[in-house]
Amino acid sequence: MITEPTSTFVTAPDGLRLHVREFGARTAARSAVVCLPGLTRTAEDFDILATALATRGRRVVALDYRGRGRSDYDRDPKNYSLQVELDDLVAVLAAREVAPAVLIGSSRGGLLAMLLAPRLPAAIAGVILNDIGPVIEPKGLMRIKGYVGRIPNPRSYEDGGETLRRLFSQQFPTLPAEAWVAAARRMWREEARGLVPTYDPKLAYTLKGFDPERPVPPMWQQFDALAGMPLMVVRGANSDILSAETVSAMRARRAAMDVLEVADQGHTPLLAETATIARLAAFIDGCGNRGLTH
């Protein structure tokens, strides 16, 4: 069984190259899993989870959006939009022949999963929303706006880990030092000029117009398009993006929705602990075996 990740590239509708990180056998008969990271995050955020799922016989595909990871950067920051990224996702699903798949969407990735539901429902075998819902808390968005594209590049990964600990320890108060260094290795990469971010700093453009006095319009219509699809929401107990009240409102609309709250973690839960992986794997197994064979 193939568990080591492989890299492939898919051409976006406008010609940019999108990097895809894959785990497991492409011939797996069960529904594949597609992992969608957060705003500035990369496919590598899912390595631990993806490896665990691959050993259980799942094919896992994780996407670097444009401007992140090993995907091409866009010259026009206006294209770092949900609509363009949704078009990219549809292209990846078709090119890698993974639909219908269980989608795991962290933060922005969850928004893309909800947007995909009304556009291409047949592509979805189930959805896991990782610390995101139809209502986004303004306080959390302001916090994210304050650091995207603004964190100084560290001298070393250890230095970067300490920077991340200072910024995010309120959200993740119990993470050990080695976990912060591992996070730094996902946040920055080594180039000739030193450590640089694994995302285009121009992503800050996506939050430029956000005003806490004018909250982001809720996405209840898109959330309701998930009706009939297996649905799970993971919430970090310390999250300032997904409130407990929003989870309750989601559950009121979807009584059968599976809910997991992760203690001592905020936005977004790491999905890397044994107990969390077991819960996710059990949910995925319950989504059926509608995957395509090739």
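## Charge pairs, cores and a helix

Visitor: Which residue meets Arg 26 in a salt bridge?
Guide: A salt bridge here is a side-chain nitrogen of Lys or Arg within 4 Å of a carboxyl oxygen of Asp or Glu. In this predicted model, the closest N to O distance is 2.6 Å, and the partner of Arg 26 is Glu 97.

Visitor: How many residues apart in sequence are the parts that Arg 26 and Glu 97 tie together?
Guide: Helices (H or I, at least four residues) and strands (E, at least two) are DSSP runs, numbered from the N terminus. Arg 26 sits in the loop between strand E2 (17-23) and strand E3 (32-36), while Glu 97 sits in the loop between H2 and strand E5 (101-106). The pair therefore ties together parts separated in sequence by 71 residues.

Visitor: Good to know! Which atoms do the side-chain values use?
Guide: As the model is predicted, local features need pLDDT of at least 70 and side-chain atom pairs count only at pLDDT 80 or more, whereas totals for chains, interfaces and linings use all residues. Residues are numbered from 1 along each chain as its sequence is written, and with hydrogens and water left out, side-chain values use heavy atoms.

Visitor: Is Arg 41 buried or exposed?
Guide: Arg 41 forms a salt bridge with Asp 45 at 2.8 Å, N to O. Buried means under 20% relative accessible area, exposed over 50%, and partly exposed in between (1.4 Å probe, protein chains only). Asp 45, at 24%, is partly exposed. With its relative accessible area of 18%, Arg 41 is buried.

Visitor: Which other residue forms a salt bridge with Asp 45, and lies in helix H6?
Guide: In this second pair, the closest N and O atoms are 3.3 Å apart, and the partner is Arg 186. The pair links distant parts of the chain, 141 residues apart: Asp 45 in the loop between E3 and helix H1 (47-55), and, in helix H6 (residues 177-187), Arg 186.

Visitor: Asp 64 is buried, so to speak, without a charge partner; which side chain of opposite charge is nearest to it?
Guide: Asp 64 is found in the loop between strand E4 (60-63) and helix H2 (82-95). Lys and Arg count as positive and Asp and Glu as negative, while His and the chain ends are not counted. The Asp 64 side chain does reach a backbone nitrogen at 3.0 Å, that of Arg 70. Yet buried Asp 64 has no salt bridge, and 6.2 Å away is the nearest side chain of opposite charge, Arg 70.

Visitor: Which helix gives the most to the largest nonpolar core?
Guide: A nonpolar core is a set of buried Ala, Val, Leu, Ile, Met, Phe, Trp, Tyr and Cys residues joined through side-chain atoms within 4.5 Å. The largest one has 66 residues, and Val 34, Leu 129 and Phe 223 touch the most other members. With 7 residues, the helix giving the most to this core is H3.

Visitor: How far apart are the end C-alpha atoms of H2?
Guide: The expected span of a helix is 1.5 Å times one less than its number of residues. H2 has 14 residues and should therefore span 20 Å, which agrees with the distance between its end C-alpha atoms, 20 Å.

Visitor: Which helix do the buried residues of H2 pack against?
Guide: The buried residues of H2 include Val 84, Leu 86, Leu 89 and Leu 93. Contact means heavy atoms within 4.5 Å. The buried residues of H2 pack against strand E1 (6-11), E2, E3, E4 and the helix H3.

Methods
Polar contact = N/O pair within 3.5 Å; in protein donor to acceptor, adjacent residues only side chain to side chain.
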